[in-house]
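Trainee: I am new to this structure. Can we go through it in questions and answers?

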Amino acid sequence: MAIIDRSFMIEGGPVGVLLIHGLGGTPVEMREVARALAAGGHTVLCCQLAGHGGSMDDLTSTGFEDWYDSALAGLATLEQRCERVVVGGLSMGAVLAALLAARQPERVAGLVMLAPTLRYDGWSIPWYSFLLPLLINTPIGRRYQFEEREPYGVKDERVRAVIVRALRQGSGDAGLTATPSAALRELWRLVAALRPLLGAIRQRTLLVHARHDDVASLRNALYLQRHLGGPVDSLILEDSYHLVTLDRQRHLVTERVLSFVDALTAPKSNPKARRPAARAALVPQEMGHVA
């Protein structure tokens, strides 16, 4: 399956927001948040990471530094249009956003972490998953794939049915049906690169996590809350699972992200100039192919 770049940009005011999807996912999972931010007058770019949007082989041919380079390119694209840029992401995308904030402190004004995933330790994860790091370099470990399974990160049954149908049709909008072990290893490497830098992240951060996250437990957010170096705003969701941008409380999530970005950037922004009508969605040429 050829890679299809689903990156999109919505042009708005001088505050830019870069949104990063999760491991094996696509920018589609960030669409609701992007629309809310655009309606609030901000310029939004949802970038597609290298190796994503195609097959498992495409994904395993890349590593976390390739994914980081995609996010870095997205940051540069927004800097060409905006005065300040806030970076956010979902699941692994939240971890990648944090690494961007740590490595580019002068370029990232704030950080949004939605269901950040340092470990797959949610209640739907198989009990034997702890063995994978021990087996990763064996034939069994290399063949392992983390299959998407009920409840697919979504508590809302109607939304879940839409996601399952998209996965079965193989349209690619919903991402891959399974995550290969090689990609999981890259997530571990990404987390290992981030952990020693957490204390150096001084930007204000919004943490959003579901109390009953099926994929990554609340312990992930609590760990980050304790170790991030800057002020942290937190929102704990009581009626959602892992995909907080799509699940029952997605409107609460989008409202909280918008208010966070507004509050973070308002002192240096001109409110009268910051709320032009959002223009049509564009896919920038430089983001046309990221694999």
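**Core, helices and salt bridges**

Trainee: Leaving aside neighbours within four places in sequence, which residues is Ile20 in contact with?

Mentor: Keep in mind that this is a predicted model. Skip the neighbours within four places in sequence. Ile20 then contacts Met30, Cys47, Leu49, Ala71, Val87, Gly88, Gly89, Leu90, Gly93, Leu96 and Ala97.

Trainee: Which residues touch the most other members of the largest nonpolar core?

Mentor: That core holds 49 residues. Ile20 is among those with the most contacts to other members. The full set is Leu18, Ile20, Trp67, Leu96 and Ile201.

Trainee: Which element gives the most to this core?

Mentor: Several elements each supply at least two residues. The strands are S2 (15-20), S3 (43-47), S4 (84-90) and S5 (110-114). The helices are H3 (64-79), H4 (92-103) and H8 (181-194). The most, ten residues, comes from H4.

Trainee: How many residues are in the other core?

Mentor: This core lies apart from the largest one. Val86, Leu206, Val253 and Val261 are among its members. Its count is 36 residues.

Trainee: Are H3 and H4 roughly parallel or roughly perpendicular to each other?

Mentor: Their axes come within 10 Å. They cross at roughly 65°. Angles of 65 to 115 degrees count as roughly perpendicular. H3 and H4 are therefore roughly perpendicular.

Trainee: Is the crossing of H3 and H4 left-handed or right-handed?

Mentor: Start with the residues that meet. From H3 come Phe64, Glu65, Trp67, Tyr68, Ala71, Leu72 and Leu75. They meet Met92, Leu96, Leu99, Leu100 and Arg103 in H4. As H3 passes H4, the crossing is right-handed.

Trainee: How many residues apart in sequence are the parts tied together by Glu79 and Arg107?

Mentor: The side chains of Glu79 and Arg107 form a salt bridge, at 2.7 Å from N to O. Glu79 lies in helix H3, and Arg107 in the loop between H4 and S5, so the pair ties together parts whose separation in sequence is 28 residues.

Trainee: Does Glu79 count as buried, exposed or partly exposed?

Mentor: Buried means under 20% relative accessible area, and exposed means over 50%. Glu79 has 31% relative accessibility. Its partner Arg107 has 29% and counts as partly exposed. Glu79, too, counts as partly exposed.

Trainee: How many salt bridges does the count come to?

Mentor: The Glu79 and Arg107 side chains meet in one. Those of Asp239 and Lys155 meet in another, at 3.0 Å from N to O. The count comes to eleven.

Trainee: Where do Asp239 and Lys155 lie, and how many residues apart are they?

Mentor: Asp239 is in the loop between strand S9 (232-237) and helix H10 (250-265). Lys155 is in the loop between strand S6 (145-147) and helix H7 (157-169). The pair links distant parts of the chain, 84 residues apart.

Trainee: Which residues are linked with Asp239 in a network of salt bridges?

Mentor: Asp239 pairs with Lys155 at 3.0 Å. It also meets Arg248, at 3.1 Å from N to O. Asp239 is linked in a network with Lys155 and Arg248.

Trainee: What separates the C-alpha atoms of Arg35 and Thr254?

Mentor: Arg35 lies in helix H1 (residues 31-39). It counts as partly exposed, at 48% relative accessibility. Along the chain, Arg35 and Thr254 are 219 residues apart. Their C-alpha atoms are separated by 8.8 Å.

Terms used:
Residues numbered from 1 in each chain as written. Predicted model: local features only at pLDDT ≥ 70, side-chain atom pairs only at ≥ 80, totals over all residues. Heavy atoms only, no water. Core = buried A, V, L, I, M, F, W, Y, C linked by side-chain atoms within 4.5 Å. Buried < 20%, exposed > 50% of the residue type's maximum accessible area, 1.4 Å probe, protein only. Helix = DSSP H or I, 4+ residues; strand = E, 2+ residues; numbered from the N terminus. Contact = heavy atoms within 4.5 Å. Salt bridge = Lys/Arg side-chain N within 4 Å of Asp/Glu carboxyl O. Axes fitted to C-alpha atoms, helices over the stretch in contact; angles between N-to-C directions. Parallel < 35°, antiparallel > 145°, perpendicular 65-115°, else oblique. Left-handed = near helix turned anticlockwise from the far one by under 90°.
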